[in-house]
Amino acid sequence: MATINSNFLKLKAGYLFPEIARRVKAYTEANPDKAGRIIRCGIGDVTEPLPSAVREAMHAAIDEQGDRATFKGYGPEQGYEFLRQAIVDNQYASLGISADEVFISDGSKCDTGNILDIFGKGNVIAITDPVYPVYVDTNVMAGNTGDADEKGAYAGLLYLECNAANGFVAEVPSEKADKKADLIYLCFPNNPTGAVATRAQLEAWVAYAKANDAIILFDAAYEAFIQDPEIPRSIFEIEGARDCAMEFRSFSKNGGFTGIRCAYVVIPKTLTGASDTGERIPLHQLWSRRHSTKFNGASYPVQKGAAAVFSEEGKQQVAELIEHYMGNAKLLREACLSLGLEVFGGINAPYVWVGCPDGLTSWEMFDKMLGEAQVVITPGSGFGSAGEGYFRISAFNSRANVLEVCERLKTLIA
Ligand SMILES: *Cc1c(COP(=O)(O)O)cnc(C)c1O
């Protein structure tokens, strides 16, 4: 008898984005005359074209594949040296990270999920609420949780509540807390709330991780959107992080690679975990083994395109993309503020996190925005129960759409 991984049966049926799609479909079927007016600010996907520096590098790489002398088959599983070195030179200069501590992949979504292969059972997993749902669902699949309750919270997870009082930055659990975290997922700048952590806040997390022999899984997918020079861009800017953290980064949001696929994880060689017998084992060694067993490297043209993000031209073009999206974020943020709404994010992140007016729930606000303004937003409650009463507006859009959304918000709420 072939059995299945029954942990999958605990998953709350892929709730958020399918439900948004279902409601949008139902609305357009009932209101075909309004269908053309719909503006989507829901999904966190980039909208602007791939930088020309990236496209040119990819074209050239494809042509190399057409010549026997330059043809390349399987590349190194860990990624080409040219890309790993470019990442270190451009993203980690002076942070003590070396190119052989970087592993190239085809996405941070996969990396943040796959990393659980190298961790043991029984770890206490700390997850923020609200949260990027991938961290939760992959832990459910791996058997690291019990069942979900009626609010969608899984037994066994250590939820770190983020709210207006803590500015949506998770606080370190108190010394007296009955549960100590072993693995801690942090995402800054944050999806969905747009929150960023200060140096002091990250120092507190590193101190907690070191004191409790825990590991921080730091998702820095939105690092490029940080505007404030005081806000750390990498967990490795914090002293001691090399011994208690790994960092996930992606070309998806800065370089517009959501459809091209390229990302990386940085695992310092000094980062260790305990074996069943208490021996300290470098996680770098385990991930290297895992990655080369289950992955055959990101494609050569894609890695060439990713490296072009760090060329002079590429840097300039990425800076323009960031400026475009952050200009959108500013407009959306200011429109919401001018309506007297409670607003977080949108300053160092491409997401604006907004309190629903008049005590509406997140889904009530979703329906109101869709029905009265034909704007699709993301209900905050879809990211966790602490997101109830908020909604997320994505700044990934054209300028024209953003200006139109700002206008419609005004007629809707004023
Ligand atoms: C978009 C995003 C990523 C990047 O995912 P890819 O698989 O590299 O496209 C990672 N983490 C968060 C929180 C994201 O929103």
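This section describes helix packing, long-range loop contacts, backbone features and the largest pocket in a predicted model.

Helix α1, which spans residues 16–30, packs against helix α10, which spans residues 362–373. The axes of α1 and α10 come within 11 Å of each other and cross at roughly 35°, and this crossing is right-handed. On the α1 side the contact involves L16, E19, I20, R23, V24 and Y27, which meet W363, F366, D367, L370 and G371 of α10. By class, seven residues of this contact are nonpolar, one is polar and three are charged.

The loop that follows α10 and leads to β13 (375–376) holds Q374. With a relative accessibility of 2%, Q374 falls below the 20% cut-off and therefore counts as buried. Leaving aside residues up to four places away in sequence, the contacts of Q374 are with Y27, K34, R37, I38, I39, M369 and R408. Among these partners, I39 is separated from Q374 by 335 residues in sequence, yet the C-alpha atoms of the two residues are 6.4 Å apart in space. Y27 thus appears in two settings: as one of the α1 residues that meet α10, and as one of the residues touched by Q374.

A second helix pair is formed by α2 (residues 52–64) and α8 (residues 300–308), which pack at an angle of about 145° with their axes 8 Å apart. The crossing of α2 and α8 is likewise described as right-handed. From α2, the residues A53, V54, A57, M58, A61, I62 and E64 take part, and they meet Y300, P301, V302, K304, G305 and A308 of α8. The residues of this contact comprise 10 nonpolar, one polar and two charged.

Helix α8 also takes part in the surroundings of helix α3, as one of the elements against which the buried residues of α3 pack; the others are β2 (102–105), β7 and β8. In α3, which covers residues 81–91, the buried positions are L83, R84, A86, I87, V88 and Q91. The general geometry of an α-helix is relevant to such a pattern: with 3.6 residues a turn, residues three or four places apart point the same way.

The loop between α7 (283–294) and α8 contains F295. The relative accessibility of F295 is 16%, under the 20% limit, so this residue counts as buried. F295 touches E77, I104, S105, D106 and R290 when residues up to four places away in sequence are not counted. F295 and E77 lie 218 residues apart along the chain, while their C-alpha atoms are separated by 6.5 Å.

Several loops show notable backbone geometry. Two cis peptide bonds precede prolines: the bond from D129 to P130 has omega near 5°, and the bond from N191 to P192 has omega near 20°. P130 is placed in the loop joining β3 (125–129) and α5 (133–141), whereas P192 belongs to the loop between β5 (183–187) and α6 (199–212).

Positive phi values occur at two residues that are not glycines. F168 has a phi of about 60° and lies in the loop between β4 (158–161) and β5. R261, with a phi of about 80°, is located in the loop between β7 (245–250) and β8 (263–266). The two residues are placed in separate accessibility classes: F168 is buried, with a relative accessible area of 2%, while R261 counts as partly exposed at 30% relative accessibility.

The largest pocket encloses about 1,200 Å³ of space. Its lining is made up of 47 residues, and those nearest the centre of the pocket are L16, F17, Y132, P133 and V134. Helices α1, α4 (108–114) and α5, together with strand β3, each supply at least two residues of this lining. Helix α5 makes the greatest contribution, with seven residues. By class, the lining consists of 21 nonpolar, 15 polar and 11 charged residues. L16 is among the residues nearest the centre of the pocket and is also one of the α1 residues that meet α10. Y132 and P133, also listed among the residues nearest the centre, follow P130 in the chain, the residue at the cis bond from D129.

Definitions and conventions
Residues are numbered from 1 along each chain as its sequence is written. This is a predicted model: local features need pLDDT of at least 70, side-chain atom pairs count only at pLDDT 80 or more; totals for chains, interfaces and linings use all residues. Side-chain values use heavy atoms; hydrogens and water are left out. Axes are lines fitted to C-alpha atoms, for helices over the stretch in contact, and angles run from 0 to 180 degrees between N-to-C directions. Helices (H or I, at least four residues) and strands (E, at least two) are DSSP runs, numbered from the N terminus. A crossing is left-handed if the near helix is turned anticlockwise from the far one by less than a right angle, and right-handed if clockwise. Contact means heavy atoms within 4.5 Å. Ala, Val, Leu, Ile, Met, Phe, Trp, Tyr, Cys and Pro count as nonpolar, Asp, Glu, Lys and Arg as charged, and the others, Gly among them, as polar. Buried means under 20% relative accessible area, exposed over 50%, partly exposed in between (1.4 Å probe, protein chains only). On a 1 Å grid over the protein atoms alone, a cavity is a set of points where a 1.4 Å probe fits but cannot get out, and a pocket is an open set with protein on both sides within 12 Å along at least five of seven lines; lining residues have an atom within 4 Å of a point. Grid points are joined across faces, edges and corners, and a volume is the space filled by probe spheres set on the points.
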